[in-house]
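Biologist: Please show the sequence together with the structure. I should then like to put some questions about the strands and about the contact between the chains.

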Amino acid sequence: MDNNEEQIISKQDVSYVASLARLDLNDDELESFTVQLSAVLVHAKDLSSIDLSDLPPTSHPLALKNVFRLDTARESISREEVLSVAPQRTETGFLVPPILGED
Amino acid sequence: MQSRIDTFKFDSASSIASQVSKGRVSAMEITEQHLARIKSLNSDLNAFITVSDNLARSQAEKIDKKFKNGETLGPLAGVPIAIKDNIVVRGVETTCASKILKGWTPPYNATVIDKLIEADAVIVGKSNMDEFAMGSSTEHSAFGPTKNPFDLDRVPGGSSGGSAAAVAANLVPIALGSDTGGSIRQPAAFCGVLGLKPTYGFVSRYGLVAFASSLDQIGPFAKTIEDMKLLMTVISGHDSNDSTSLNFETTPVLNPSKTDIKGLRVGIVKEFNEGLTSNIAVSLKNAIEKLQVAGAVIEEVSIPSVKFCLSAYYLIAPAEASSNLARFDGVRYGARENGDNVEQMMIATRTKGFGDEVKRRIMLGTYALSKGYYDAYYKSAQQVRTLVIREFSKVYSSVDILLSPTTPSTAFKIGEKLDDPMEMYLSDIMTIPTNLAGHPAINVPFGSDDSGLPIGLQIMAPALKDGKLLSIANFLLSQEGN
């Protein structure tokens, strides 16, 4: 990697972002992801070359309004069908390891 | 260069549907014939992750029974179709080409699947793709890369590479893919088939596993315009299960009367003409000449913001992906790794379940959305999106359609761009702008390069002009090779 190139994102940044995203990276991955993410962010710097001050952000191509339906009960997928494809289940719910770290 | 093109004769969807509807051939015969084709070529091409032979045979049986009972069959009677593996089919494993969903069988159908079944189509399998539709080569699949049928050493493009390859090799006449930044058009270009990204909201996304929700759109692959129209007519329309589905007062016309090219105003985007390979530049020039001869008015136009679309896209799409893919945590579906507590379980599941490209994009998106960087990255990208929409709208006040190549180069070698994500991202440079704008665009095969690899041209149009795209694509197809 070109040492003169500005280091946009550090290994510490990548490690922090990975923890926010619930991903665990080993040292090699940390190294290569830092280089690769930096390259994308260096490219993205071209956005700062345009004057965007008068432009509102667009979050969606359609002028979306909230879409509501009547609050009436209707048929949905049965609980049994949903639970049958879960990794682990109880009779009526999803089963997960302890949340507070204790049994 | 080893090719698997022309191993089988091409049977169009419309001709199959017509024959099955008249009882000249049974849906089961057609199904068996196509399952046999898939069986004989899939080991070379790896176009399918799952072949749904049981479902296909039971659908064919139902269709043949309907015919025997004197019922009228649907518009896709007995037509075999491939479904990209990020669209859920009840009871058929849906993996998104990821280890994290391996073995998951969805308990419901996507809206497009219900519509296909209603139309008497036969779902023969789930096609290969880049994991969670993130990629431009189908190399980022947990189930191995798909090969380009024109040259087995090359990629079919991506992310819908399996669908494109399956149609190109005549394993199926039609297929569904999804397009977030070019994932239908780019593989269609690399494999020499038609591929349409419809107007955003034209086809329901219910049951499409979300990558970047404001950009994703399901669309068709085919070899003839008639088949494109047939499939689009079946899958499009309002769906109350998708709050971003367009609710038309009048359904957009997909089958306009023969488009008169005379007087058609065609814009050539100046910014897309830089850095083309000479073969692609020649194809574009030929197409322009054909249109001119038929009476079209050609105008060079400038959309300066397209230069910034790649950057904007690689912030917006990962940002949305980082949020959408938070749901894969090992709790409700898919794979689970062990952990001492729930958080360790989630970290272990995601770390082992996601491939590198998906991890890269999740982290990029998480970074772009994080405190201190949101304004500089995510918000700037959204402002560029506004600029792009405004510039397109200005250009469309003086031209009817835009014409460009679909890709800057033809299909590249397997492995060539794997270590350099930025280089890979550049293959979507011409397809991304229409996703940001929400407009429709189509790939039309037009000529080939010196090695015989297909070249694709892209026609773009304003929102809801999908029918117009099909008509103009039809004209170009009729001119190819003339």
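Biologist: How many bridges join strand β7 (residues 265-269) of chain B to β9(B)?

Modeller: This is a predicted model, in which local features need pLDDT of at least 70, side-chain atom pairs count only at pLDDT 80 or more, and totals for chains, interfaces and linings use all residues. Residues are numbered from 1 along each chain as its sequence is written, while chains are lettered from A and ligands numbered from 1 in the order in which they are written. Strands (E, at least two residues) and helices (H or I, at least four) are DSSP runs, numbered from the N terminus, and two strands pair if DSSP finds at least two bridges between them. β7(B) and β9(B) run parallel, V266(B) stands opposite I401(B), and the number of bridges is 3.

Biologist: Which residue of β11(B) is the bridge partner of P405(B)?

Modeller: Strand β11 (residues 454-460) of chain B pairs with β9(B) in the antiparallel sense, over 4 bridges. Within β11(B), the partner of P405(B) is L457(B).

Biologist: Why is strand β9 of chain B largely enclosed by the rest of the structure?

Modeller: A residue is buried if 20 or more other C-beta atoms, placed from the backbone, lie within 10 Å of its own, exposed if 12 or fewer, and partly exposed in between. Strand β9 (residues 401-405) of chain B is largely enclosed because the buried residues number 5 of the 5.

Biologist: Which strands stand at the edges of the sheet in chain B?

Modeller: The open sheet has 11 strands in the order β1-β3-β2-β4-β6-β5-β10-β11-β9-β7-β8 (chain B), with mixed pairing. Each edge strand has a single partner strand, so one side of each is left without a neighbour in the sheet; these strands are β1 (48-51) and β8 (297-301) of chain B.

Biologist: Which residue of β3(B) is the bridge partner of T50(B)?

Modeller: β1(B) pairs with strand β3 (residues 122-127) of chain B in the antiparallel sense over 3 bridges. In β3(B), the partner of T50(B) is K126(B).

Biologist: Which helix gives the most to the side of chain A that touches chain B?

Modeller: Two residues are in contact if their C-beta atoms, placed from the backbone, lie within 7 Å; 43 residues of chain A are in contact with 53 residues of chain B. On the chain A side, α1 (11-20), α2 (27-44) and α3 (79-84) each supply at least two residues. With 7 residues, the helix that gives the most is α2(A).
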